[in-house]
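The exercises below are meant to be worked through with the sequence and the coordinates at hand. Each task is followed by a solution that proceeds step by step.

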Amino acid sequence: MSPSSRDQIFSKIRAVLPQSSLLPDLNSVGQWQTFVNPSARFADVLKFVGGEAVFVKTLAEADAHLRTMPEWNLAKIRCSVVSGLGDSTIDLNAIDDPHDLENVDFAVLRGHFGVAENGAIWVTDDTVKHRVLYFIPQRLAIAVPASQIVHNLHEAYERLTVGHHRFAGFISGPSKTADIEQSLVIGAHGARSLTVYLVEEMSKYEP
Amino acid sequence: MSHPALARDFIANRERTQWHDKALWFVREKRDRMASSVPEWELLRETASAIKQHTLSLLPDYLEQFESNAAKLGVVVHWAADAHEHNEIVLGILQQRNVRRLVKSKSMLTEECHLNPYLEQHGIEVVDTDLGERIVQLRKETPSHIVLPAIHIKKEEVGECFHEHLGTKKGASDPKYLAEAARHHLRERFCRADAGLTGVNFAIAETGGIVICTNEGNADLGVSLPKLHIACMGFEKLIPRAADLGVFLRLLARSATGQPITTYSSHFHGPPAGCELHIVIVDNGRTEIFRNPEFRRSLNCIRCGACMNTCPVYRRSGGHSYEATVPGPIGSILTPIQTPEKHSSLPFACTLCGSCTDVCPVKIDLHHQLFAMREVLDGKRLIGASKKLSMKLVSGVLSRTWLYNLLGTAARLSLRWLPRFLIYNPLNAWGRQRELPLAPKKTFRQQFAERQQKDDKR
């Protein structure tokens, strides 16, 4: 680390600062896109990006659906952080090294809200012990309260306190690549599939 | 070598040129569909551009704010004046912790700094984990596009490469099969890596956090298993507020690949307990660009690649013909500012059609800058004699009405009556790949004069 490089960069920039210009106020620049039925739009976009949305009334209903999925039934190593939805063959709290999650076949996780315009779900590290759980399982299901769908990303950031979590982010669909001749392949490095349960009777997450 | 010389090699294979052109146009069309599905698209572009302009005008303040907020989160912030210092810093961090194996996600900055060969010289195994980047790494090439690094490679060639390096079946070319093989190969690398290195899409001054966008999830896997994460960024990645991400994330993936958002948009605010996060902020010529009001706006760039996908010259000449880390229209501005001697031909790899300016999500006036860059290069006497001579000739003709009329008549008559071998002579570059149009019987001036006569009679 060289403090002189830092000073050099700052003095070079300060020497030629352009005239200041205003930072746009995002609430007043105009109207952002909204949808008549945000949940339906969310489900459509999620399908477009390779995921699947399932509307259910209760977690029990979601659980029944999950247990009809061959991928769930064939999964040898499973874990769930949503009580009443799926089950776990490993004890997450007993795992200290994230490498030990390498062979998780199916994980059931929790999302805080969805974004209708792009099918993304906001997830945070306080609901899982290791953040790698969002990326390493072969398959993912995420449960989100059905009432928690916002129209667009601006609305999403309005309700967030970014920086509150060491890791947080949006996940939209399963992992994918088109790096070989622009052919879309689902399941690049992360999850090969993403099922999103939009649960009517599900409370917001309180840590 | 100059862009025309390298492009000549590329277009020698006509079938491949067309295939390349189509592949990129396909991405451009996806982008169009996405852009037109957002009613406030133009408002988003304007807002994004205004945010970037504002950020640049208060850049030192925002950099300081970012630095102190990141430090509060436990991040170690480093500053590098140039590529060499950047590489030394990264190597230093790795060596102090005895890192032998590094996994990397896509970072054009580290390409720019030639980090991989530097680390390899010092005995560190570097694995690029973005599928496209892994392909070019195994083929000992460089990316030919900033978002689609392997866009110039055919699936059969990927198959050959994977057969040699990953032991896939000989002759296999199914993208699904090949991507699956890469998944297994790279999972192994992820799991045994000692450290993960990433680029940065956005750095938030107000929170000290960084945002990294991928579709494959490679950045996230790479930094969530080992205890050390190094993120490298140019200082132009800064944005003031977290809420600004609402604007930029709506634009980025739609412009880049025609997706509503990338699969993963990960927000990192400090390292997890027991882990380390280092952020290296790099100048490497950026202050030089910043100093120049004419080209400063090119620092708005969020590296979506839309200008490449739409550029008729890029699509038909391939990324490698630019010999630059960032090719295409934006690269033809950023690169010659730093190395005008080596890259003087790049601003001329452009028809000034303006399509890049139309698609740019942060409203960089690309084709105006490309034009301005030609003037800069002329000022530095870096424009070839043949180009200068023809410019002089043209300006001589255009400034003399009688000469213009005379030559116009001569050209019209020649196109109509001269035998083919004379028109398509070796000196006529315009006749090499195309049929010249049949000249109209009357000139525009004649037609215009006749119309006016008619009007007058009425």
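**Exercise 1: a helix pair in chain B**

In this predicted model, the axes of helix α3 (residues 41-57) of chain B and helix α12 (residues 244-256) of chain B come within 10 Å and cross at roughly 125 degrees. Classify the crossing, give its handedness, and describe the residues that make the contact.

*Solution.* Begin with the angle: values from 65 to 115 degrees count as roughly perpendicular and those over 145 as roughly antiparallel, the remaining range between these being oblique, and α3(B) is therefore oblique to α12(B). Next comes the handedness, which for the crossing of α3(B) and α12(B) is left-handed. The contact itself draws on Leu44(B), Arg45(B), Thr47(B), Ala48(B) and Ile51(B) from α3(B), and these meet Asp244(B), Val247(B), Phe248(B), Arg250(B) and Leu251(B) from α12(B). Sorted by character, the residues of this contact comprise six nonpolar, one polar and three charged.

**Exercise 2: a sheet with strands from two chains**

Determine in what order the strands of the eight-stranded open sheet are arranged, and which strands lie at its edges.

*Solution.* Reading across the sheet gives the order β7(A)-β4(A)-β5(A)-β8(A)-β9(B)-β6(B)-β5(B)-β8(B), with mixed pairing. The edges are formed by β7 (149-150) of chain A and β8 (238-239) of chain B, each of which pairs on one side only. To follow the pairing in detail, take strand β4 (residues 113-115) of chain A, which runs parallel to β7(A) and is joined to it by two bridges; here Val115(A) stands opposite Val150(A). Then turn to β8(A) and strand β9 (residues 264-268) of chain B, which pair in the antiparallel sense over five bridges, with His267(B) as the bridge partner of Ala168(A).

**Exercise 3: the contact between the chains**

Establish how many residues each chain gives to the contact, and which elements of chain A take part.

*Solution.* Counting by chain, 66 residues come from chain A and 74 residues from chain B. On the side of chain A that touches chain B, at least two residues each are supplied by α1 (3-15), α5 (153-159), β8 (167-171) and β9 (176-177), and the largest share, eight residues, belongs to α1(A). By character, that side of chain A divides into 31 nonpolar, 25 polar and 10 charged residues.

**Exercise 4: the domains of chain B**

State where the assigned domains of chain B lie and what distance separates their centres.

*Solution.* The domain assignment places domain 1 at 46-137 + 194-284 and domain 2 at 393-457. Taken over C-alpha atoms, the centres of domain 1 and domain 2 of chain B are separated by 55 Å.

Note on methods:
Residues numbered from 1 in each chain as written. Chains lettered and ligands numbered in written order. Predicted model: local features only at pLDDT ≥ 70, side-chain atom pairs only at ≥ 80, totals over all residues. Domains from an automatic or database assignment. Axes fitted to C-alpha atoms, helices over the stretch in contact; angles between N-to-C directions. Helix = DSSP H or I, 4+ residues; strand = E, 2+ residues; numbered from the N terminus. Parallel < 35°, antiparallel > 145°, perpendicular 65-115°, else oblique. Left-handed = near helix turned anticlockwise from the far one by under 90°. Contact = placed C-beta atoms within 7 Å. Nonpolar A, V, L, I, M, F, W, Y, C, P; charged D, E, K, R; others polar. Pairing = 2+ DSSP bridges.
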